[in-house]
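Here's a walk through one protein model, from its surface to its salt bridges. Have the sequence and the 3D view open as you read.

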Amino acid sequence: MLRVFLLLIIPVSLLALGFMIYPEMTALSAAQMRLARFLPGVIALITLMLALRFNRSRTFFSVLTLSLAYVILIWTVPWLKGIKAVVVYQALCVAVPFNLLVFSLLKERGMFTWWGSTRFALLALQIVLVAGLMRWYPAETKYYLDYPLVDQQWSAWSKFTQPVLVMMVLTLLILNGRLFAKPDAQTSALFGAFIAAVVMLHFKDQATASIVFASAAILMLVVAVIQDSYSMAYIDQLTDLPGRRALNERMLKLGGSFSIAMLDVDHFKKFNDRYGHDAGDEVLRMVASRIKQVGAGGKAFRYGGEEFSILFPGKMMPDVLESLNTIRQRIANARFDLRRTDRRHKRKVGKKGPKQAARVTISVGVANRCERTPSAWEVLKLADKALYRAKKQGRNRVCK
């Protein structure tokens, strides 16, 4: 729940800022308004380039959807007359949530690939379909898009028709479910962008609202791309701990007193050979979840493979030994259930039988800064040597 709340801070802030800004835009001159109309397009172009750079196809096609919706709302709908304007607007109100929902559910498959071409085709087909219906069957299309599913009093509060509301509520529920099931920056941005798009469509007659909320929706996706690129660079995806690059940068900032611990999973190669890499990954996740909880102000990192590092800024070795021993004991006492994999035949043995309980232990080496080792890199080397002493002395211990 806390993770979802933190992920929604930026989308909610942009939405709140949008509601504060758009009434003030009425003070803009005609020339300034003409210029402001291109703001969402500029933001969209930047986002599309970032999505291409980081291969974020869901973001790319979501931004494309929002951009097309904004262009149609600002430059197409106002020039249409009568029933044609109504048909295009209502079709847009269905297409925007539909496309955002579809693109949120699809996997990252690239933009200029066969999979990407199907997504381009989906958008193009919708444009052609709506254009054809508007030209040859406008009355029939309006009838179905405005069809009352229940008594009209239930939707009198909204400017949207009932079929549109059904599509929007369905999209909202599914995006909300995905956000809580698998919270990440991209899903939260898509959720916020959908809300902003609904607001944009609601205030269809106010150009300032369209500009502001289209910009807000696309900005949410910009921020998500930046957050994802940061995670790729600094966060280890398997353990969700900061990785080697984050460790290197954090060590540059260490000063004064500090200690560094190096941790290694005992007999990890044998464990992998016996139980398989999937079980090995589970072990690394379990160990990472435990060492995240280390006390004494320690910050855990994945050093590489089965090795982890913990930095203790402002702490000397006597201050951290108890915390390290507590984590070591918790890992040794943890029950780790798995099913053995026969690596020679690449099949699971006893698939329907009871799970086996495996024992996982770690060895720890720790060192602190002193006159002989003033730099963080030298302290880390000493901690690494202490780790090897722990291995030689029988493992499942802390050495200094």
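## A greasy patch, some salt bridges and a shaky stretch

Let's start with Val42, which sits in helix H4; helices (H or I, at least four residues) and strands (E, at least two) are DSSP runs, numbered from the N terminus. Val42 is partly exposed because its relative accessibility is 45%; buried means under 20% relative accessible area, exposed over 50%, and partly exposed in between (1.4 Å probe, protein chains only).

Before going on, a word on the ground rules. This is a predicted model, where local features need pLDDT of at least 70 and side-chain atom pairs count only at pLDDT 80 or more, while totals for chains, interfaces and linings use all residues. Residues are numbered from 1 along each chain as its sequence is written, and side-chain values use heavy atoms, leaving out hydrogens and water.

Back to Val42: together with Phe38, Leu45, Ile46, Met49, Val71, Trp75 and Trp79 it makes up a nonpolar surface patch with about 850 Å² of accessible area. Patch members have over 30% relative accessible area and no salt bridge; nonpolar side chains (Val, Leu, Ile, Met, Phe, Trp, Tyr) are joined within 5 Å, like charges within 9 Å. The areas come from the Shrake-Rupley method with a 1.4 Å probe, and for residues only the protein chains shown count as cover. Helices H4 (39-53) and H5 (57-76) each bring at least two residues to the patch, and H4 gives the most, with four.

How many salt bridges does the structure hold? There are 10 of them, each a side-chain nitrogen of Lys or Arg within 4 Å of a carboxyl oxygen of Asp or Glu. Here are three:

| Acid | Base | N to O distance |
|---|---|---|
| Asp228 | Arg56 | 3.5 Å |
| Asp205 | Lys204 | 3.2 Å |
| Asp236 | Arg302 | 3.1 Å |

The Asp236 and Arg302 pair links distant parts of the chain, with Asp236 in the loop between H11 and H12 and Arg302 in strand E2 (residues 299-304), 66 residues apart. Asp236 counts as buried because its relative accessible area is 18%, and Arg302 does so at 14%. Asp205 is another story: at 64% it's exposed, while its partner Lys204 is partly exposed at 33%. As for Asp228 and Arg56, Asp228 is buried at 15%, and Arg56 is buried with a relative accessible area of 15%.

Now for the cysteines. There are zero disulfides, taking a disulfide as a pair of cysteine sulfur atoms within 2.5 Å. Cys370 is in none, and the nearest cysteine sulfur, that of Cys399, is 17 Å away. Cys370 is partly exposed at 29%, whereas Cys93 is buried at 1%.

Thr161 is in the loop between helix H8 (138-145) and helix H9 (162-181). Is Thr161 buried or exposed? Thr161 is buried, because its relative accessible area is 9%. Leaving aside residues up to four places away in sequence, Thr161 touches Gln90, Leu145 and Asp146, a contact being heavy atoms within 4.5 Å.

How far should you trust all this? Mean pLDDT (the predictor's confidence in each residue, from 0 to 100) is 90, and 95% of residues reach 70 or more. Confidence peaks in helix H10 (residues 185-202), with a mean of 97, and is lowest in strand E6 (residues 347-348), with a mean of 45. Over residues 341-353, pLDDT stays under 50. Where pLDDT is low, the predicted coordinates should not be read in detail.
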